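This report considers a buried charge, a cysteine pair and the aromatic rings in a predicted model. The sequence and structure are shown first.

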Amino acid sequence: MNEISERQDIGELLARVLAGSWRQALPAMEITTEELATVKTALLQTGAGALGWRRVQASRWHNSAPASELLQAYRIHAIQAELHELQIKETLQLLRANGVEPILVKGWSIARLYVEPALRPYGDIDLCVNPDQYLIAQRVVDDLALRGIRVDPHKGFARFGNQSWNELHSRSRCLEIDGVEVRTLGPEDHLRLLCFHFLREGAWRPLWLCDVAVAIETRAATFDWNLCFGTNETSRNYVVCTLLLAHSLLQANLDGVPDTAFPKHLPRWLLPSVLKEWRVRSM
(Lines give C-alpha, C1' and ligand atoms only; values in the text may rest on other atoms or scores of the structure.)
Protein backbone atom coordinates (compact mmCIF):
# COMPACT_ATOMS: atom_id res chain seq x y z
CA MET A 1 0.00 0.00 0.00
CA ASN A 2 1.57 3.28 -1.06
CA GLU A 3 1.55 6.52 0.93
CA ILE A 4 -1.24 8.13 -1.08
CA SER A 5 -3.63 5.20 -0.68
CA GLU A 6 -2.80 5.03 3.04
CA ARG A 7 -3.95 8.62 3.44
CA GLN A 8 -7.13 7.88 1.55
CA ASP A 9 -8.02 4.75 3.51
CA ILE A 10 -7.01 5.53 7.10
CA GLY A 11 -10.45 6.86 8.08
CA GLU A 12 -12.17 3.75 6.76
CA LEU A 13 -9.60 1.52 8.47
CA LEU A 14 -10.18 3.24 11.80
CA ALA A 15 -13.90 2.67 11.44
CA ARG A 16 -13.41 -1.02 10.57
CA VAL A 17 -11.11 -1.71 13.50
CA LEU A 18 -13.19 0.21 16.06
CA ALA A 19 -16.59 -1.11 14.95
CA GLY A 20 -18.09 -2.96 17.93
CA SER A 21 -14.80 -2.79 19.85
CA TRP A 22 -16.62 -1.80 23.07
CA ARG A 23 -18.85 -4.89 23.15
CA GLN A 24 -18.50 -7.96 25.33
CA ALA A 25 -18.97 -10.16 22.26
CA LEU A 26 -16.69 -8.81 19.55
CA PRO A 27 -17.63 -8.90 15.87
CA ALA A 28 -15.30 -10.66 13.46
CA MET A 29 -12.53 -8.47 12.06
CA GLU A 30 -10.88 -8.95 8.71
CA ILE A 31 -7.65 -6.99 8.36
CA THR A 32 -4.27 -7.55 6.75
CA THR A 33 -0.91 -7.06 8.43
CA GLU A 34 -0.29 -4.08 6.15
CA GLU A 35 -3.58 -2.50 7.13
CA LEU A 36 -2.90 -3.11 10.83
CA ALA A 37 0.51 -1.48 10.53
CA THR A 38 -1.11 1.46 8.75
CA VAL A 39 -3.91 2.01 11.26
CA LYS A 40 -1.84 1.32 14.40
CA THR A 41 -0.37 4.82 14.64
CA ALA A 42 -3.76 6.44 14.07
CA LEU A 43 -5.28 4.36 16.87
CA LEU A 44 -2.52 5.37 19.27
CA GLN A 45 -2.63 9.05 18.31
CA THR A 46 -6.38 9.32 18.85
CA GLY A 47 -6.51 7.48 22.19
CA ALA A 48 -8.08 4.35 20.74
CA GLY A 49 -5.04 2.09 21.10
CA ALA A 50 -6.62 -0.04 23.84
CA LEU A 51 -9.79 -0.52 21.81
CA GLY A 52 -7.61 -1.47 18.85
CA TRP A 53 -5.82 -4.04 21.02
CA ARG A 54 -9.12 -5.53 22.11
CA ARG A 55 -10.07 -6.18 18.49
CA VAL A 56 -6.64 -7.46 17.50
CA GLN A 57 -5.98 -9.74 20.48
CA ALA A 58 -8.54 -12.26 19.26
CA SER A 59 -7.15 -12.23 15.71
CA ARG A 60 -4.29 -14.09 14.07
CA TRP A 61 -2.22 -10.91 14.26
CA HIS A 62 -2.17 -10.73 18.07
CA ASN A 63 1.58 -11.48 18.20
CA SER A 64 2.55 -8.99 15.50
CA ALA A 65 4.71 -5.92 16.13
CA PRO A 66 1.80 -3.45 15.65
CA ALA A 67 -0.32 -5.47 18.09
CA SER A 68 2.40 -5.28 20.74
CA GLU A 69 2.27 -1.48 20.63
CA LEU A 70 -1.50 -1.54 21.02
CA LEU A 71 -1.12 -3.90 23.98
CA GLN A 72 1.31 -1.48 25.58
CA ALA A 73 -1.26 1.30 25.21
CA TYR A 74 -3.86 -0.90 26.89
CA ARG A 75 -1.54 -1.57 29.85
CA ILE A 76 -0.75 2.13 30.24
CA HIS A 77 -4.45 3.04 30.14
CA ALA A 78 -5.20 0.43 32.81
CA ILE A 79 -2.69 2.01 35.18
CA GLN A 80 -3.90 5.51 34.37
CA ALA A 81 -7.53 4.51 35.02
CA GLU A 82 -6.62 3.63 38.62
CA LEU A 83 -4.72 6.91 39.06
CA HIS A 84 -7.57 8.96 37.59
CA GLU A 85 -10.05 7.45 40.04
CA LEU A 86 -7.84 8.50 42.94
CA GLN A 87 -7.59 12.01 41.49
CA ILE A 88 -11.35 12.24 40.97
CA LYS A 89 -11.97 11.31 44.59
CA GLU A 90 -9.47 13.89 45.85
CA THR A 91 -10.90 16.57 43.58
CA LEU A 92 -14.51 16.00 44.59
CA GLN A 93 -13.72 15.89 48.29
CA LEU A 94 -11.81 19.16 48.11
CA LEU A 95 -14.50 20.90 46.08
CA ARG A 96 -17.21 19.78 48.49
CA ALA A 97 -15.15 20.98 51.43
CA ASN A 98 -15.38 24.40 49.76
CA GLY A 99 -19.13 24.16 49.21
CA VAL A 100 -19.06 23.21 45.51
CA GLU A 101 -21.09 20.26 44.20
CA PRO A 102 -19.91 19.58 40.61
CA ILE A 103 -21.26 17.27 37.91
CA LEU A 104 -18.67 15.03 36.25
CA VAL A 105 -19.06 14.69 32.47
CA LYS A 106 -17.32 12.59 29.82
CA GLY A 107 -14.15 10.84 31.10
CA TRP A 108 -14.94 8.46 33.94
CA SER A 109 -18.68 9.02 33.42
CA ILE A 110 -18.52 7.20 30.08
CA ALA A 111 -15.46 4.99 30.74
CA ARG A 112 -17.39 3.12 33.44
CA LEU A 113 -19.83 1.88 30.76
CA TYR A 114 -17.15 0.13 28.73
CA VAL A 115 -16.54 -3.57 29.46
CA GLU A 116 -13.16 -2.51 30.89
CA PRO A 117 -12.25 0.97 32.20
CA ALA A 118 -8.83 0.73 30.53
CA LEU A 119 -10.47 0.81 27.11
CA ARG A 120 -11.41 4.47 27.46
CA PRO A 121 -8.50 6.74 28.46
CA TYR A 122 -9.03 10.30 29.57
CA GLY A 123 -6.83 13.16 30.72
CA ASP A 124 -8.44 16.20 32.32
CA ILE A 125 -11.25 15.73 34.80
CA ASP A 126 -14.21 17.56 33.21
CA LEU A 127 -16.49 19.10 35.82
CA CYS A 128 -19.49 21.34 35.32
CA VAL A 129 -20.29 23.61 38.27
CA ASN A 130 -23.08 25.95 39.18
CA PRO A 131 -22.18 29.30 37.54
CA ASP A 132 -22.61 30.97 40.95
CA GLN A 133 -19.84 28.73 42.36
CA TYR A 134 -17.46 28.93 39.41
CA LEU A 135 -14.93 31.33 40.96
CA ILE A 136 -14.67 29.20 44.09
CA ALA A 137 -14.23 26.09 41.95
CA GLN A 138 -11.53 27.78 39.89
CA ARG A 139 -9.49 28.58 43.00
CA VAL A 140 -9.71 24.95 44.12
CA VAL A 141 -8.73 23.77 40.64
CA ASP A 142 -5.69 26.05 40.68
CA ASP A 143 -4.58 24.45 43.96
CA LEU A 144 -5.10 20.98 42.50
CA ALA A 145 -2.96 21.88 39.49
CA LEU A 146 -0.03 22.43 41.87
CA ARG A 147 -0.44 18.77 42.87
CA GLY A 148 -0.42 17.61 39.28
CA ILE A 149 -4.18 17.01 39.08
CA ARG A 150 -5.63 18.42 35.87
CA VAL A 151 -9.22 19.58 36.19
CA ASP A 152 -11.18 21.39 33.50
CA PRO A 153 -14.00 23.34 35.22
CA HIS A 154 -16.95 24.51 33.13
CA LYS A 155 -19.33 27.31 34.10
CA GLY A 156 -22.62 25.45 33.93
CA PHE A 157 -23.21 23.82 30.55
CA ALA A 158 -22.44 26.77 28.29
CA ARG A 159 -19.88 24.72 26.32
CA PHE A 160 -22.22 21.75 25.95
CA GLY A 161 -25.36 23.23 24.47
CA ASN A 162 -26.13 25.82 27.16
CA GLN A 163 -28.73 23.71 28.93
CA SER A 164 -30.22 24.97 32.21
CA TRP A 165 -28.02 24.14 35.23
CA ASN A 166 -31.00 23.66 37.53
CA GLU A 167 -32.80 21.42 35.05
CA LEU A 168 -29.83 19.16 34.40
CA HIS A 169 -28.86 19.06 38.07
CA SER A 170 -32.39 17.96 38.99
CA ARG A 171 -32.00 14.92 36.71
CA SER A 172 -28.40 14.12 37.73
CA ARG A 173 -27.46 10.91 39.52
CA CYS A 174 -24.95 9.98 42.19
CA LEU A 175 -22.62 7.04 41.62
CA GLU A 176 -19.65 6.00 43.74
CA ILE A 177 -15.91 5.47 43.56
CA ASP A 178 -14.78 3.63 46.69
CA GLY A 179 -17.47 5.23 48.82
CA VAL A 180 -17.03 8.75 47.39
CA GLU A 181 -20.13 10.07 45.66
CA VAL A 182 -19.68 11.11 42.03
CA ARG A 183 -22.51 13.17 40.59
CA THR A 184 -23.08 12.56 36.87
CA LEU A 185 -25.70 13.59 34.35
CA GLY A 186 -28.77 11.47 33.77
CA PRO A 187 -28.24 9.10 30.82
CA GLU A 188 -30.43 11.06 28.41
CA ASP A 189 -28.66 14.33 29.16
CA HIS A 190 -25.23 12.73 29.01
CA LEU A 191 -25.82 11.14 25.60
CA ARG A 192 -27.02 14.49 24.26
CA LEU A 193 -23.89 16.14 25.69
CA LEU A 194 -21.64 13.49 24.10
CA CYS A 195 -23.25 14.07 20.71
CA PHE A 196 -22.95 17.84 21.01
CA HIS A 197 -19.31 17.60 22.10
CA PHE A 198 -18.39 15.25 19.24
CA LEU A 199 -19.74 17.55 16.54
CA ARG A 200 -18.74 20.82 18.21
CA GLU A 201 -15.12 19.67 18.37
CA GLY A 202 -15.13 18.85 14.66
CA ALA A 203 -15.74 15.10 15.03
CA TRP A 204 -11.99 14.52 14.77
CA ARG A 205 -11.59 11.84 17.43
CA PRO A 206 -13.04 8.36 16.71
CA LEU A 207 -12.97 7.57 20.45
CA TRP A 208 -15.70 10.16 21.04
CA LEU A 209 -17.97 8.38 18.55
CA CYS A 210 -17.26 5.11 20.37
CA ASP A 211 -18.47 6.88 23.54
CA VAL A 212 -21.75 7.63 21.80
CA ALA A 213 -22.07 4.03 20.64
CA VAL A 214 -21.42 2.74 24.17
CA ALA A 215 -24.00 5.10 25.66
CA ILE A 216 -26.58 3.96 23.10
CA GLU A 217 -26.00 0.24 23.60
CA THR A 218 -25.83 0.30 27.41
CA ARG A 219 -28.93 2.44 27.95
CA ALA A 220 -31.69 1.15 30.20
CA ALA A 221 -35.10 0.08 28.92
CA THR A 222 -36.56 3.21 30.55
CA PHE A 223 -34.36 5.55 28.48
CA ASP A 224 -36.43 8.56 27.38
CA TRP A 225 -35.53 9.44 23.80
CA ASN A 226 -37.70 12.56 23.72
CA LEU A 227 -35.78 13.89 26.72
CA CYS A 228 -32.48 13.05 25.02
CA PHE A 229 -33.41 14.79 21.77
CA GLY A 230 -34.23 17.99 23.63
CA THR A 231 -36.82 20.62 22.99
CA ASN A 232 -35.44 22.39 19.94
CA GLU A 233 -34.57 21.40 16.40
CA THR A 234 -30.86 22.16 16.75
CA SER A 235 -30.50 19.84 19.72
CA ARG A 236 -32.39 17.07 17.93
CA ASN A 237 -30.23 17.45 14.81
CA TYR A 238 -27.02 17.15 16.84
CA VAL A 239 -28.22 13.94 18.45
CA VAL A 240 -29.74 12.38 15.35
CA CYS A 241 -26.75 13.07 13.09
CA THR A 242 -24.30 11.68 15.65
CA LEU A 243 -26.38 8.55 16.19
CA LEU A 244 -26.48 7.94 12.45
CA LEU A 245 -22.72 8.46 12.20
CA ALA A 246 -22.17 5.94 15.03
CA HIS A 247 -24.34 3.46 13.15
CA SER A 248 -22.80 4.09 9.71
CA LEU A 249 -19.15 4.11 10.80
CA LEU A 250 -19.05 1.90 13.90
CA GLN A 251 -22.09 -0.35 13.45
CA ALA A 252 -23.73 0.96 16.63
CA ASN A 253 -27.03 -0.80 17.25
CA LEU A 254 -29.93 1.65 16.95
CA ASP A 255 -32.68 -0.86 17.68
CA GLY A 256 -35.31 0.80 19.82
CA VAL A 257 -34.56 4.33 18.69
CA PRO A 258 -37.84 5.87 17.45
CA ASP A 259 -38.04 5.67 13.65
CA THR A 260 -39.70 9.07 13.56
CA ALA A 261 -36.49 10.60 14.90
CA PHE A 262 -34.48 9.96 11.77
CA PRO A 263 -34.30 11.58 8.36
CA LYS A 264 -33.98 9.25 5.38
CA HIS A 265 -30.23 9.81 5.26
CA LEU A 266 -27.40 11.86 6.69
CA PRO A 267 -26.50 15.16 5.05
CA ARG A 268 -24.45 14.12 2.03
CA TRP A 269 -21.36 16.01 3.15
CA LEU A 270 -21.23 14.85 6.77
CA LEU A 271 -19.84 11.31 6.65
CA PRO A 272 -17.06 12.14 4.14
CA SER A 273 -16.16 15.16 6.26
CA VAL A 274 -15.81 13.02 9.39
CA LEU A 275 -13.63 10.47 7.59
CA LYS A 276 -11.49 13.31 6.25
CA GLU A 277 -11.01 14.62 9.80
CA TRP A 278 -9.92 11.16 10.95
CA ARG A 279 -7.41 10.95 8.11
CA VAL A 280 -5.99 14.43 8.62
CA ARG A 281 -5.66 14.06 12.41
CA SER A 282 -3.93 10.70 11.99
CA MET A 283 -1.18 11.89 9.65
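A salt bridge is taken here as a side-chain nitrogen of Lys or Arg within 4 Å of a carboxyl oxygen of Asp or Glu, and a residue is called buried if its relative accessible area is under 20%. With these terms in place, E188 is buried yet has no salt bridge, and the nearest side chain of opposite charge, that of R173, is 4.9 Å away. In the predicted model, E188 is placed in helix 8, which covers residues 187-200. Leaving aside residues up to four places away in sequence, E188 touches T222, F223, D224, L227 and C228.

One of these contacts of E188, C228, leads to the question of the cysteines. Why does C228 form no disulfide with C195, the cysteine with the closest sulfur? A disulfide requires sulfur atoms within 2.5 Å, whereas the sulfur of C228 is 6.2 Å from that of C195, which is too far for a bond. The count of disulfides accordingly comes to zero.

The relative accessible areas of three buried residues are listed below.

| Residue | Relative accessible area |
|---|---|
| C195 | 0% |
| C228 | 0% |
| W208 | 11% |

Turning to the rings, the count comes to five aromatic pairs. Among them, W204 and W208 form an edge-to-face pair, at 5.3 Å centre to centre and with 75° between the planes. Another group, F223, W225 and F229, forms one aromatic cluster, and F223 of this cluster is also one of the residues that E188 touches.

Technical notes
Residues numbered from 1 in each chain as written. Predicted model: local features only at pLDDT ≥ 70, side-chain atom pairs only at ≥ 80, totals over all residues. Heavy atoms only, no water. Helix = DSSP H or I, 4+ residues; strand = E, 2+ residues; numbered from the N terminus. Buried < 20%, exposed > 50% of the residue type's maximum accessible area, 1.4 Å probe, protein only. Lys, Arg positive; Asp, Glu negative; His and termini not counted. Contact = heavy atoms within 4.5 Å. Phe/Tyr/Trp six-rings, centres within 6.5 Å; stacked < 30°, edge-to-face > 60°.
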